[in-house]
Amino acid sequence: QVQLVESGGGLVQAGGSLRLSCAASGDIFGINNMGWYRQAPGNQRELVATITGAGSTDYADSVKGRFTISRDNAKKTMYLQMNSLKPEDTAVYYCNADIGVTMTAWYDYWGQGTQVTVSS
């Protein structure tokens with residue numbers, strides 16, 4: 001049973017920082033692309049940042065220069081360092097990963113989400 005568990009959300013003032021973590025567990029053969037998404041009330045889920053298995057990264061324009069995505073393959077964990085937070089960053093943040101349970105069986109997994117609230 002593969003699981004993704006996020007942690008690190010919370011309440012922070014504008015201009016502050018938070019670090020989110022996403023840990024994968026279970027019977028895992030490998031992890032390919034990983035990413036962070038967010039969904040604010042009344043909005044669709046949107047992509048925040050992605051990282052490939054080789055470490056290449058990409059960011060939404062709204063977070064470039066403020067957020068940094070990274071991963072520790074040995075720990076099967078992905079991170080999102082969020083600096084200079086703005087009230088518009090308030091959302092539930094979800095992690096996503098392309099995980100192989102065998103060499104030929106790869107599936108898309110989601111975490112349960114962690115709330116980030118930025119006060120003005």
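A polar contact is a pair of N or O atoms within 3.5 Å. With that cut-off in hand, the exercises below work through a predicted model.

**Exercise 1. Find which backbone oxygen lies 2.9 Å from a polar atom of the side chain of T77, and decide whether T77 is buried or exposed.**

Solution. Begin with the place of the residue in the fold: T77 belongs to strand 8. Next, look around its side chain, where a polar atom lies 2.9 Å from the backbone oxygen of K75; a polar contact needs a distance within 3.5 Å, and so this pair is inside the cut-off. Then turn to accessibility, for which buried means under 20% relative accessible area. The value for T77 is 9%, and T77 therefore counts as buried. Finally, list the contacts, leaving out residues up to four places away in sequence: T77 touches S21, C22, A23, R71 and D72.

**Exercise 2. Determine which residues the disulfide joins, and which handedness it has.**

Solution. A search of the whole structure finds one disulfide, and this disulfide joins C22 to C95, with an S to S distance of 2.2 Å. The torsion about the S-S bond of C22 and C95 is about 55 degrees, and for that reason the disulfide is right-handed. The pair links distant parts of the chain, since C22 is in strand 3 (residues 18-25) and C95 is in strand 9 (residues 91-100), 73 residues apart. As a last step, check the surroundings of the two cysteines: both C22 and C95 are buried.

**Exercise 3. Work out in which sense strand 3 pairs with strand 1 and with strand 8, and how many bridges are involved.**

Solution. Take strand 1 (residues 3-7) to begin with: five bridges join strand 1 to strand 3, and the two run antiparallel. Within this pairing, Q3 has S25 of strand 3 as its bridge partner. Now take strand 8 (residues 77-82), which pairs with strand 3 in the antiparallel sense over six bridges. Here L20 has L80 of strand 8 as its bridge partner.

**Exercise 4. Describe the aromatic pair that F29 and W106 form, and explain which parts of the chain the pair ties together.**

Solution. The structure holds two aromatic pairs, and one of them is formed by F29 and W106, whose rings are 6.4 Å apart, centre to centre, with 85 degrees between the planes. Planes over 60 degrees apart count as edge-to-face, and F29 and W106 are accordingly an edge-to-face pair. F29 lies in the loop between strand 3 and strand 4 (30-39), while W106 lies in strand 10 (residues 106-110), so the pair ties together parts that are 77 residues apart in sequence. Accessibility completes the picture: F29 is partly exposed at 48% relative accessible area, and W106 is partly exposed at 34%.

**Exercise 5. Identify the rings over which the charged ends of R19 and R45 sit.**

Solution. Treat the two arginines in turn. The charged end of R19 sits over the ring of Y79, 4.1 Å from the ring centre. The charged end of R45 sits over the ring of W110, 4.7 Å from the ring centre.

**Exercise 6. Locate S70 in the fold and name the residues with which S70 is in contact.**

Solution. S70 is placed in strand 7 (residues 67-72), and S70 counts as partly exposed because its relative accessibility is 29%. When its neighbours within four places in sequence are left aside, S70 is in contact with I51, M78 and Y79. To compare sequence with space, consider S21, which is 49 residues from S70 in sequence and 9.6 Å from S70 in space, C-alpha to C-alpha.

Terms used. Residues are numbered from 1 along each chain as its sequence is written. This is a predicted model: local features need pLDDT of at least 70, side-chain atom pairs count only at pLDDT 80 or more; totals for chains, interfaces and linings use all residues. Side-chain values use heavy atoms; hydrogens and water are left out. Helices (H or I, at least four residues) and strands (E, at least two) are DSSP runs, numbered from the N terminus. Buried means under 20% relative accessible area, exposed over 50%, partly exposed in between (1.4 Å probe, protein chains only). Contact means heavy atoms within 4.5 Å. A disulfide is a pair of cysteine sulfur atoms within 2.5 Å. Rings of Phe, Tyr and Trp (its six-membered ring) pair if their centres lie within 6.5 Å; planes under 30 degrees apart count as stacked, over 60 as edge-to-face and the rest as tilted. A charge sits over a ring if NZ of Lys or CZ of Arg is within 6 Å of the ring centre and within 35 degrees of the ring normal. Two strands pair if DSSP finds at least two bridges between them. A polar contact is a pair of N or O atoms within 3.5 Å; within protein, one must be able to donate a hydrogen and the other to accept it, and residues adjacent in sequence count only if both atoms are side-chain atoms.
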